[in-house]
Amino acid sequence: QRRGYHEKVLDHYNNPRNVGSFKKGDQDVGTGLVGAPACGDVMKLQIRVNKDSGKIDDVVFKTFGCGSAIASSSYLTELVRGMTLEEAGKIKNTDVAKELCLPPVKLHCSMLAEDAIKSAISDYHKKNPNVRATDLSGTGAAIPDVKVEIEHTSSGSPAAAI
Ligand code: FES
């Protein structure tokens with residue numbers, strides 16, 4: 001095992017769940033595209049929302065980034081499937097980091113996942129202004145840019161998953 005990578009990270013990295021993208025123009029899809037300025041890694045996350053239930057019934061991602069970023073997005077897709085937008089909007093990067101046992105220097109990778117889901121939710125609401133508004137107060141929703149102070153470190157040479 002490489003230093004800094006827990007086996008859960010390696011599992012998601014080697015077998016990423018729900019990789020892909022939805023075809024353009026789907027009104028029920030919200031897209032989040034975010035980047036980490038510190039390392040240049042990029043994550044795209046898309047959710048498809050069932051209008052009747054208000055729940056996320058499908059979710060896909062594409063991440064160009066380090067193993068922790070790929071694992072974070074892969075895990076996130078499993079986590080948010082079946083959630084309401086309210087629930088998904090409350091996910092914190094620390095939830096992801098804890099599940100994947102990310103070391104402190106890799107916390108910003110899980111931050112990408114939190115930003116991506118918030119950005120996807122906000123995009124969905126923008127496209128569907130008539131759908132019941134979600135209470136995202138205090139969650140930092142709709143913040144497209146990521147503020148990262150942590151330096152890129154040796155444990156994560158960037159790798160393309162896709
Ligand atoms: Fe930047 Fe992981 S997202 S090193």
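Which residues form a nonpolar patch on the surface? In this predicted model, the patch is made up of L33, V42 and F64, whose accessible area together is about 290 Å². The strands that carry these residues make a good place to start, but a brief look at the whole chain helps first.

The protein has five helices and four strands, and these follow one another along the sequence in the pattern α-β-β-β-α-α-α-α-β. Of its 162 residues, 45% count as buried. The accessible surface comes to about 8,000 Å², and carbon and sulfur atoms account for 52% of that area. Among the contacts with a separation of 6 or more, 67% are made by residues 24 or more positions apart.

Turning to the strands, β1 and β2 run antiparallel and are joined by seven bridges. One bridge can be picked out by name: G32 has L45 in β2 as its partner. The two strands form a hairpin with six residues between them, in which G40 takes a positive phi near 85 degrees.

Strand β2, residues 42-49, also pairs with β3, again in the antiparallel sense, this time over eight bridges. Two positions show how the strands line up: V42 stands opposite F64 in β3, and K44 stands opposite K62 in β3. V42 and F64 thus face each other across the strand pair and are also both members of the nonpolar patch, together with L33. F64 is found in strand β3, which covers residues 56-65. With a relative accessibility of 52%, F64 counts as exposed, because the cut-off for that class is over 50%. As a general point, side chains in a regular strand alternate between the two faces of the sheet.

The connection from β2 to β3 is likewise a hairpin with six residues between the strands, and G54 in its turn has a positive phi of about 75 degrees. K55 also lies in the loop between β2 and β3. How far is the C-alpha atom of K55 from that of L85? The two C-alpha atoms are separated by 6.4 Å, although the residues are 30 apart along the chain. Once neighbours within four places in sequence are left aside, the contacts of K55 fall into two stretches of the chain: R48, V49 and N50, and then G82, M83 and T84. K55 is partly exposed, since its relative accessible area is 37%.

Is N128 buried or exposed? N128 counts as buried because its relative accessibility is 5%, under the 20% limit. The residue sits in the loop between α5 (107-127) and β4 (159-160). Apart from neighbours within four places in sequence, N128 is in contact with Q27 and K51.

Two other loop residues deserve a word for their backbone geometry. Most residues other than glycine have a negative phi. N18, which is not a glycine, nevertheless has a positive phi of about 60 degrees. N18 is found in the loop between α1 (7-14) and β1 (29-35), and counts as partly exposed at 27% relative accessibility. C101 also has a positive phi, near 55 degrees, and is likewise a residue other than glycine. The place of C101 is in the loop between α4 (93-100) and α5.

C101 leads on to the cysteines. How many disulfides does the structure hold? The number is zero. C101 is in no disulfide, and the nearest cysteine sulfur, that of C109, is 14 Å away. A disulfide is a covalent bond between the sulfur atoms of two cysteines, and the cut-off used for such a pair is 2.5 Å. The surroundings of C101 and C109 can be set side by side: C101 is partly exposed, with a relative accessible area of 39%, whereas C109 counts as buried at 1% relative accessibility.

Terms used
Residues are numbered from 1 along each chain as its sequence is written. This is a predicted model: local features need pLDDT of at least 70, side-chain atom pairs count only at pLDDT 80 or more; totals for chains, interfaces and linings use all residues. Side-chain values use heavy atoms; hydrogens and water are left out. Buried means under 20% relative accessible area, exposed over 50%, partly exposed in between (1.4 Å probe, protein chains only). Contact means heavy atoms within 4.5 Å. Patches are made of residues with over 30% relative accessible area and no salt bridge: like charges are joined within 9 Å, nonpolar side chains (Val, Leu, Ile, Met, Phe, Trp, Tyr) within 5 Å. Accessible areas come from the Shrake-Rupley method with a 1.4 Å probe; for residues, only the protein chains shown count as cover. A salt bridge is a side-chain nitrogen of Lys or Arg within 4 Å of a carboxyl oxygen of Asp or Glu. Two strands pair if DSSP finds at least two bridges between them.
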